[in-house]
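Biologist: Please take one part of this model and look at it closely. Then work outwards from there, step by step, so that I can follow along in the viewer.

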Amino acid sequence: MIRDQAHSLRQHFPEASPKDYRPQGRRVRALSFTSGKGGVGKTNIVVNLSVQLAKRGKKVLLIDADLGLANIDIMLNLNPQFTVEDVLLGKKQIHEVMVEGPLGVHILPASSGVSEMTELSGEQQMHMLQQLASLQDNYDFILIDTGAGIASTVLRFNAAADEICVITTTEPTALTDAYALMKVMATKYQVRKFNLIVNQVGNMKEAKAVYEKLKAVFQQFLPVDLMMMGFIPRDVNFPKAVRAQTPLSLLQPNSSTSKAFALMAKHLEQNPGQSMEQEETNFFTRLGLFKRRL
Ligand SMILES: Nc1ncnc2c1ncn2[C@@H]1O[C@H](COP(=O)(O)OP(=O)(O)O)[C@@H](O)[C@H]1O
Ligand SMILES: [Mg+2]
């Protein structure tokens, strides 16, 4: 970067109250993108969605919360000098770690291959919260790319989010693991609503079949609302975009896949989650509170 990026980021976070930026009554929406099984497309989806929201004029913060296997920075060719680990260790302030990605999306990068980072201690978590809380009013959306599975850090980020977006492919293993994750979230954290994104589908029928299948299981066993948030086609250009370190939505903006992401962003903007209207607390407060329940 890095100097230029840091400078431009500092301008976003003046000493004076960052609350001034937000018109009254608006509040940030924190959405987690999560999965039971790894490799189902979380990072690709969250990156493309953030670009599409930015295209719609939204201020987006993307948090790489896949703490052990972080790769948003690589996907966006960012080469960050520091990561969230430096914040947790008290070496850096959060605005020094944050980098600017495509279309002005802000990214909080994590560290790869640092096993101690996969689970945050309560103290580390509180430290990060204090830092993050000062920034939240700068954004319309906070998108969180969680790790896969049911490790406590993953569950905690999900439990703290306003809306949980579960990603699955059509493979039976991905479906089973998606169900297992939602079941844990429902029983341990009383989550009653999930958004489903079906990735790598051949057509809409396939995506609907996955949705109906999961919904039927829930109707039988758990009192949970499952909302269809959208589906993304199987597209051979994803690996190409990853290799080019450019989001598909920018590499091929007119492709049907990019249009699917654009539609998802529009849907997201026009349908604020129920939880937001009811909740008084914010994402960061809840992230702190959940420490006690684990
Ligand atoms: N819709 C898709 N069509 C084809 N390949 C995809 C699609 N979504 C993701 N992939 C590929 O799947 C792999 C895993 O994606 P990634 O976003 O890294 O998953 P996760 O973050 O869940 O581990 C990548 O190689 C990516 O290129
Ligand atoms: Mg990932």
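Modeller: Sorted by class, the residues in the shell around ligand 1 are five nonpolar, eight polar and three charged. The model is a predicted one, and ligand 1 is a convenient place to start reading it. The shell consists of 16 residues, with Gly41, Lys42, Thr43, Asn44 and Phe238 the closest. Three elements each contribute two or more residues to this shell: helix 2 (42–55), strand 7 and helix 10 (237–244).

Stay with helix 2 for a moment, because isoleucine 45 belongs to this helix and leads away from the ligand. Is isoleucine 45 buried or exposed? Isoleucine 45 has 22 C-beta neighbours inside 10 Å, and the cut-off for a buried residue is 20 or more, so isoleucine 45 counts as buried. Leaving aside residues up to four places away in sequence, isoleucine 45 is in contact with Phe33, Ile167, Ile197, Asn199 and Ile232. Take one of these, isoleucine 232: 187 residues separate it from isoleucine 45 along the chain, yet the two C-alpha atoms are 8.5 Å apart in space.

Next comes the sheet. The sheet is open and has eight strands, in the order 3-4-2-5-1-6-7-8, with mixed pairing. Strand 3 (99–100) and strand 8 (225–233) are at its edges, and each has a single partner strand, so one side of each lacks a neighbour in the sheet. In general, the strands of a sheet pair through backbone hydrogen bonds, and this can be done in parallel or antiparallel fashion.

Both senses can be found by starting at the edge formed by strand 3. Strand 3 and strand 4 (residues 106–108) are antiparallel and share two bridges. One residue to look for there is valine 99, whose bridge partner in strand 4 is isoleucine 107. Strand 4 is also joined to strand 2, here by three bridges and in the parallel sense. Within strand 4, histidine 106 is the residue opposite leucine 61. Strand 2 in turn pairs with strand 5 (residues 141–148), again in parallel, over six bridges. In that pairing, aspartate 64 has aspartate 145 of strand 5 as its bridge partner.

How many residues of strand 2 (residues 60–65) are buried? Six of the six are, so strand 2 is largely enclosed by the rest of the structure. The cover is on both faces: Val60, Leu62 and Asp64 are buried on one side, and Leu61, Ile63 and Ala65 are buried on the other.

Helix 8 gives a contrast, with buried residues and exposed ones on opposite sides. Helix 8 (residues 172–189) has 18 residues, which at 1.5 Å a residue should span 26 Å, and the distance of 25 Å between its end C-alpha atoms agrees with this. Its buried residues are Ala174, Asp177, Ala178, Leu181, Met182 and Met185. Seen down the helix axis, these buried residues fall within an arc of 135 degrees, so they line one face of helix 8. The spacing has a general background: an α-helix has 3.6 residues a turn, so residues three or four places apart point the same way. The cover over the buried residues of helix 8 includes strand 1 (29–35), helix 7 (152–160), strand 6 (163–168), strand 7 (193–201) and helix 9 (204–221). On the other side of helix 8 are the exposed residues Pro172, Thr173 and Thr187.

The backbone just beyond helix 8 also deserves a look. Most residues other than glycine have a negative phi. Glutamine 190, just after helix 8, has a positive phi of about 55 degrees. Leucine 103 also has a positive phi, near 55 degrees, and is found in the loop between strand 3 and strand 4. With 17 other C-beta atoms within 10 Å, leucine 103 is partly exposed. Glutamine 245 has a positive phi too, about 50 degrees, without being a glycine. Its place is in the loop between helix 10 and helix 11 (248–251), where its 13 C-beta neighbours inside 10 Å make it partly exposed.

A last stop is serine 121, in the loop between strand 4 and helix 6 (122–133). Serine 121 has 11 C-beta neighbours inside 10 Å and therefore counts as exposed. Its C-alpha atom is 9.9 Å from that of leucine 88, a residue 33 places away in sequence.

Terms used:
Residues are numbered from 1 along each chain as its sequence is written. Chains are lettered from A and ligands numbered from 1 in the order in which they are written. This is a predicted model: local features need pLDDT of at least 70, side-chain atom pairs count only at pLDDT 80 or more; totals for chains, interfaces and linings use all residues. Helices (H or I, at least four residues) and strands (E, at least two) are DSSP runs, numbered from the N terminus. The expected span of a helix is 1.5 Å times one less than its number of residues. A residue is buried if 20 or more other C-beta atoms lie within 10 Å of its own, exposed if 12 or fewer, and partly exposed in between; C-beta atoms are placed from the backbone. The arc is that of the directions from the helix axis to the C-beta atoms. Two residues are in contact if their C-beta atoms, placed from the backbone, lie within 7 Å. A residue is near a molecule or strand if its C-beta atom, placed from the backbone, lies within 6 Å of it. Ala, Val, Leu, Ile, Met, Phe, Trp, Tyr, Cys and Pro count as nonpolar, Asp, Glu, Lys and Arg as charged, and the others, Gly among them, as polar. Two strands pair if DSSP finds at least two bridges between them.
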